[in-house]
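User: Here's one I'd like to go through with you. Talk me through it, please.

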Amino acid sequence: MGAFEVILCTCLVLLCLWKGLKTFLRYFWISRKVSYIAGPPLIGVIKNVLLNKTSFAQLFLDLYNHPKTRKDAVTGFYFFHKPCLLIRDPELIKRILVKDFNQFMDRRMATDPKTDPIGINTIPNAKGETWGIIRNHITPVFTAHKLKNFFPLLVDVCEDMKVKLAKEIPSGGSGEINLKEFAGFYTVEAIASCAFGVKANCFLNPNCDFFKKAQKMVCPTDLKKIIEFGTCFFFPELASVFKLKLFSNDTEKFLRTAILEVIEEREKSGSKRNDLIDTLITMKNTQKEIFHTDCLIAQAAVFLAAGYETSSSVLSFALYELARHQDMQEKLRNELMDFAKSGKEMNYENLNNLEYLHMVFQETLRLYPSLLFLDRTCQPADGSESYSLKPFHDASIPRGTPVYIPTIAIQRDPNFFPDPLSFRPERFATDAEPPIDQRAFLGFGLGPRNCLGSRFGTIQVKIALATILPKYRLSFCKKTPQKIVFQKSTIFFISEEPLVIELREI
């Protein structure tokens, strides 16, 4: 047989294998009578993300709104080799996240337990009983009583913010600020103060370690780390094979030094601030076999990383939308000025009672959710090999099947939120008609594995808005993007272009 015939036969064999694999993958879902969105074998629907042609945000919007499947309660697809299920029905979502939580307790992401003792113990990554123990011990940090104690600390951070703005914006004049960067300085400073009892000095020193490390944790710029980060989420089976880690060695070194120094200083002094560090010390002294050094550092790490991204994102997009909508900005400013004239103290309870401020916060979280999706792994608690989707669908899904709930798409679905791409805080008014379908509002997740720091993040953003709006008028400038384009290569909601607006002193 000649060289040409060998090449031809090889191509035919590969073509047959390719078509056979496509048919086999399709059969997995078709045999269960589940609608299916195809993609290249061994790559799946993530192809255009890998080619940097689209973002994860747009991917989940496209999956949810696929013209052939958008009316179905569930739809099958593949991330690489793994069959996954997209959930659309809000009642089924509620059942998975709340009622049947014990059968969908774990997230899909994973790192190598041998080489990543910090990443494996973070709350998002922890599995089963370990997750439950960590969650129960960390939860007291975020009680209403603790948040009231944090309030004066946040006020102090806002005073530093005022100083920063006064330097950037001349008296009676105007200046431009990068919202994401500015909001990042604020949120990291707030976390450093409230969680770790230290002053990061982000406003005075933009290159401070706390800020730079928080950025690198959430949005790594190194290509190798981007690939590693994405693999942990969407191809976790490779975690142990390639010794994948959640954080870089440099970040780990910073975390170990920073956190252990604060813990050591706090233990020596015997002082207490009722913050995260005090909680970590208690955990270390009561259950050392579970809360070893790496586990303690993991909790501090995720508090810094998650707190930075979620709060800075909501704050920056809220300021962006208020700059776009001058009438809404003026309405919120009037509410804040009326409160100031009332003579009441600006405290935790009173800030939360400002109705329009709350509506602006909620609408920002709806339109710009930090978490683009929620993921869970099917693990039937009774030991069975499948989980029935009835009465929402006749199918049963096998144990180990990942399910994805596309937060960004659900919260932009006109069936739940009329005119979904418009920024309309009034839709969250207590007397709004129609009222919000709470099953479709998933900005902080739902059920036992919802966002642990949601109340802290909420008060953090609100007090920042209450500080800025009475003194400055926000508006678009030449550098302001007229339309938000999703940044590629990140699983978070980040604008491709810098969000730059103008602030003018009132």
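Analyst: Let's fix one term first: buried means under 20% relative accessible area, exposed means over 50%, and partly exposed is in between, with a 1.4 Å probe and protein chains only. By that rule, buried residues make up 54% of the 506 residues in the protein. This is a predicted model, so local features need pLDDT of at least 70 and side-chain atom pairs count only at pLDDT 80 or more, while totals for chains, interfaces and linings use all residues. Residues are numbered from 1 along each chain as its sequence is written, and side-chain values use heavy atoms, with hydrogens and water left out.

User: How many helices and strands does the protein have?
Analyst: 17 helices and nine strands. Both are DSSP runs numbered from the N terminus: helices are H or I with at least four residues, strands are E with at least two.

User: What radius of gyration does the protein have, and what would a compact globule have?
Analyst: The protein has 24 Å, which agrees with the value near 23 Å for a compact globule of 506 residues. That's taken over C-alpha atoms, and the globule rule is 2.2 Å times the number of residues to the power 0.38. Along the principal axes, the C-alpha atoms fill a box of roughly 85 × 55 × 50 Å.

User: And the contacts, what share comes from residues 24 or more positions apart?
Analyst: 73% of the contacts with a separation of 6 or more. Contact here means heavy atoms within 4.5 Å.

User: Switching to strands: which ones pair with strand 9?
Analyst: Strand 3 (residues 174-178) runs antiparallel to strand 9 (residues 500-505), and five bridges join them. Strand 8 (residues 472-475) also pairs with strand 9 in the antiparallel sense, over four bridges. Two strands pair if DSSP finds at least two bridges between them.

User: Which residue in strand 9 is the bridge partner of Ser-174?
Analyst: Arg-504. Arg-504 is also the bridge partner of Arg-473.

User: Any odd backbone geometry? Which peptide bonds are cis?
Analyst: The bond from Lys-390 to Pro-391 is cis, with omega near 5°, and Pro-391 is in the loop between strand 5 (386-388) and strand 6 (396-398). Another cis bond joins Glu-433 and Pro-434, where omega is about -5°. Pro-434 is in the loop between helix 16 (407-410) and helix 17 (454-468). Most peptide bonds are trans, and most residues other than glycine have a negative phi.

User: OK, phi then. Is Phe-80 buried or exposed?
Analyst: Buried, with a relative accessible area of 15%. Phi of Phe-80 is near 55°, a positive value in a residue other than glycine. Phe-80 lies in the loop between strand 1 (74-79) and strand 2 (82-87). Asp-419 also has a positive phi, about 50°, in the loop between helix 16 and helix 17. At 42% relative accessibility, Asp-419 counts as partly exposed.

User: What does Lys-225 touch?
Analyst: Pro-220, Lys-245, Leu-246, Phe-247 and Ser-248, not counting residues up to four places away in sequence. Lys-225 sits in helix 9 (residues 223-234) and counts as buried at 12% relative accessibility.

User: Last one, charges: how many side chains are positive and how many negative?
Analyst: 65 positive and 55 negative, with the centres of the two sets 4 Å apart. Lys and Arg count as positive, Asp and Glu as negative; His and the chain ends are not counted. Each charge is placed at NZ of Lys, CZ of Arg, CG of Asp or CD of Glu.
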